[in-house]
Amino acid sequence: MNIGHIAVEPAIVIKTRGGTRVNEWICTTCGTQYVKSDAPPSQCSICEDERQYIGSAGQTWTTLEKVQRSGYRNAFYGHESNLIGVETVPEFAIGQHAKLLRTPHGNILWDCISYVDDVTVDLIRGTHFSARP
Ligand SMILES: [Zn+2]
């Protein structure tokens with residue numbers, strides 16, 4: 001299967017809690033998303049680890065909504081039959097790539113990415129693309 005390179009328009013996700021907007025903060029250095037809160041966490045536990053680093057601008061945060069509005073997209077690459085690479089373009093955080101293996105018994109997502117939109121969710125669930133021999 002060769003699906004080539006596909007860039008799609010993202011969906012915008014707005015979440016509220018009791019009418020107050022809350023965010024799931026994403027560390028801009030490592031791309032880890034944290035639980036919903038009104039304010040960003042005081043630090044990123046991943047970047048605070050001695051094996052990681054904090055960017056030269058210090059600890060900064062964003063949200064999925066801001067990333068979606070900033071022009072990021074996921075690109076999908078057909079590596080082999082039923083093996084699809086997923087990467088965010090332009091590169092976000094540390095440039096994580098995911099691989100989606102589609103099987104008759106269900107799909108397996110190997111590794112993770114920070115940026116997600118409806119098309120990516122549909123792809124992972126197996127509802128966006130049909131299998132071809
Ligand atoms: Zn981090």
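**Serine 37 and the nonpolar cores**

Reader: In this predicted model, which residues does serine 37 touch, not counting residues up to four places away in sequence?

Author: The model is a prediction, and serine 37 belongs to strand E5, which covers residues 33-37. When residues up to four places away in sequence are left out, the contacts of serine 37 are Val22 and Trp25.

Reader: Is serine 37 buried or exposed?

Author: A residue with 12 or fewer other C-beta atoms within 10 Å is classed as exposed. Serine 37 has 12 C-beta neighbours inside 10 Å, so its class is exposed.

Reader: What distance separates the C-alpha atoms of serine 37 and asparagine 23?

Author: Along the chain, serine 37 and asparagine 23 are 14 residues apart. Between their C-alpha atoms, the separation is 5.6 Å.

Reader: Which element supplies the largest share of the largest nonpolar core?

Author: This core has nine residues, among them Trp25, Ile26, Cys27, Leu64 and Val67. Strand E4 (23-27) and helix H2 (64-69) each contribute at least two residues to this core. The largest share, three residues, comes from E4.

Reader: Where does this core lie with respect to domain 1 and domain 2?

Author: Domain 1 comprises 6-11 + 71-125, and domain 2 comprises 16-68. Both domains give residues to the core, so its place is between domain 1 and domain 2.

Reader: Which residues does tyrosine 115 touch, not counting residues up to four places away in sequence?

Author: Tyrosine 115 is one of the residues of the largest nonpolar core. Leaving out residues up to four places away in sequence, tyrosine 115 is in contact with Val67, Tyr72, Asn74, Thr88 and Phe92.

How values were computed:
Residues numbered from 1 in each chain as written. Predicted model: local features only at pLDDT ≥ 70, side-chain atom pairs only at ≥ 80, totals over all residues. Helix = DSSP H or I, 4+ residues; strand = E, 2+ residues; numbered from the N terminus. Buried ≥ 20, exposed ≤ 12 C-beta atoms within 10 Å, placed from the backbone. Contact = placed C-beta atoms within 7 Å. Core = buried A, V, L, I, M, F, W, Y, C linked by C-beta atoms within 7 Å. Domains from an automatic or database assignment.
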